[in-house]
Amino acid sequence: MRLVLLGAPGSGKGTQADLLKARYGCIHISTGDILRRHLKDKTELGIRAGGFMSKGELVPDDLVVEMVKEKLREDSADSFVADGFPRTLPQAEALENVLKELDRPLDAVVFLQIEEELLIRRLIHRRTCRRCGKIWNVLTMTGGTEVCPECGGELDQRGDDAESIIRNRIDVYRGQTEPLIEWYAKKGILRSIDAVNSPEETFKEIQVVLGR
Ligand code: ADP
Ligand code: ZN
């Protein structure tokens with residue numbers, strides 16, 4: 001299965017990608033995670049990308065496209081779920097071209113639909129476990145504590161989950177990523193899901209639209 005998850009920051013792409021990966025055994029391609037790893041490892045790409053990421057801007061297309069192409073050419077990418085990519089029309093075109101070249105077309109683009117106020121509320125309360133990497137909401141999932149319910153690790157807040165930066169990320173999404181919805185709808189592979197429910201319920205709906 002080859003899928004793209006499309007949706008605003010905070011719509012739950014990362015959480016759903018983890019569930020899809022566990023259920024279907026596909027690899028998870030998260031450009032945000034890859035970029036954050038580069039940043040942490042202080043690679044040249046990480047240093048270039050970091051300035052854009054901290055402001056909530058997009059990293060330039062050519063950098064991201066090269067990074068993803070490399071991943072898609074691996075054998076394991078016969079089955080993947082892409083989260084956070086593509087985010088612009090040039091990225092979508094580049095993805096289409098490389099998949100054509102590999103003869104591995106997309107099965108579906110799942111659009112996680114949700115209103116803006118809920119996005120902001122989710123992102124402000126979002127934390128990542130330092131130890132196991134799981135994503136939590138400190139309002140609805142951990143009872144307000146900054147400790148991972150699963151492994152006891154300390155929870156971390158992403159620097160770009162500050163409110164002013166969240167607003168910029170949402171604006172960038174509206175301007176640059178939202179046009180992809182129409183683009184994929186015209187290709188007949190868009191599947192829209194109401195993403196306001198719990199992760200489990202959203203996952204069930206995704207399985208229904210995928211028909212497997
Ligand atoms: P979210 O979807 O919650 O905004 P991500 O982890 O997907 O978070 O992305 C974090 C940041 O990484 C983005 O704000 C952007 O700076 C950068 N980034 C991730 N994916 C892309 C992409 N496909 N193109 C350009 N920049 C990207
Ligand atoms: Zn943990």
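**Close-up views of a predicted model**

**View 1. The zinc site, with Cys151 at its partly exposed end of the accessibility scale.** Cys151 has a relative accessible area of 27%, so this residue counts as partly exposed. The model shown here and in the views below is predicted. Cys148 is buried, at 3% relative accessibility. Both residues bind the zinc ion (ligand 2) through SG, as do Cys129 and Cys132. The donor atoms lie 2.3 to 2.4 Å from the ion. Angles among the four donors of the zinc ion (ligand 2) run from 97 to 119°, and the site is tetrahedral. For comparison, the ideal angle for four tetrahedral donors is 109.5 degrees. Along the chain, the donors of the zinc ion (ligand 2) are spaced as C-x2-C-x15-C-x2-C.

**View 2. Lys13, a buried charge without a salt bridge.** Lys13 belongs to helix α1, which covers residues 13-24. The nearest side chain of opposite charge is Asp83, at 4.9 Å. A salt bridge requires a side-chain nitrogen of Lys or Arg within 4 Å of a carboxyl oxygen of Asp or Glu, so this pair does not qualify. A polar side-chain atom of Lys13 does lie 3.3 Å from the backbone oxygen of Ala8. Leaving aside residues up to four places away in sequence, Lys13 touches Leu5, Leu6, Gly7, Ala8, Asp83, Gly84 and Leu112.

**View 3. Arg36 and Asp33, a salt bridge inside helix α2.** The side chains meet with N and O 2.8 Å apart. Helix α2 spans residues 31-40, and the two partners are three residues apart in it, so about one helical turn separates them. In an α-helix, with 3.6 residues a turn, residues three or four places apart point the same way. Arg36 is partly exposed at 25% relative accessibility. Asp33 is also partly exposed, with a relative accessible area of 35%.

**View 4. Helix α6 and its buried residues.** The helix runs over residues 116-124. Leu118, Leu119, Ile120 and Leu123 are buried in it. The buried residues of α6 pack against β5 (126-129) and α7 (163-177).

**View 5. Arg174 and Glu116, a salt bridge between helices.** The side chains of Arg174 and Glu116 come together at 2.9 Å, N to O. Arg174 sits in helix α7 and Glu116 in helix α6, so this pair, 58 residues apart, links distant parts of the chain. Arg174 is partly exposed, at 30% relative accessibility. Glu116 is partly exposed too, with a relative accessible area of 30%.

**View 6. Arg130 and Glu154, a salt bridge between loops.** The closest N and O atoms of Arg130 and Glu154 are 3.6 Å apart. Arg130 lies in the loop between β5 and β6 (135-137), whereas Glu154 lies in the loop between β6 and β7 (155-156). The pair therefore ties together parts that are 24 residues apart in sequence. Arg130 is exposed, with a relative accessible area of 52%. Glu154 is partly exposed, at 49% relative accessibility.

**View 7. A network of salt bridges.** Its members are Arg126, Arg158, Asp160, Asp161 and Arg169. Side chains of opposite charge can pair when their charged atoms come close. The count for the model is 16 salt bridges.

Conventions: Residues are numbered from 1 along each chain as its sequence is written. Chains are lettered from A and ligands numbered from 1 in the order in which they are written. This is a predicted model: local features need pLDDT of at least 70, side-chain atom pairs count only at pLDDT 80 or more; totals for chains, interfaces and linings use all residues. Side-chain values use heavy atoms; hydrogens and water are left out. Helices (H or I, at least four residues) and strands (E, at least two) are DSSP runs, numbered from the N terminus. Buried means under 20% relative accessible area, exposed over 50%, partly exposed in between (1.4 Å probe, protein chains only). Lys and Arg count as positive and Asp and Glu as negative; His and the chain ends are not counted. A polar contact is a pair of N or O atoms within 3.5 Å; within protein, one must be able to donate a hydrogen and the other to accept it, and residues adjacent in sequence count only if both atoms are side-chain atoms. Contact means heavy atoms within 4.5 Å. Donors are N, O and S atoms within 2.8 Å of the metal (3.2 Å for Na, K and Ca); water is not among the atoms, so sites may look incomplete. Four donors count as tetrahedral if all angles lie between 85 and 135 degrees; four count as square planar and six as octahedral if opposite donors are over 155 degrees apart and all others between 65 and 115; anything else is irregular.
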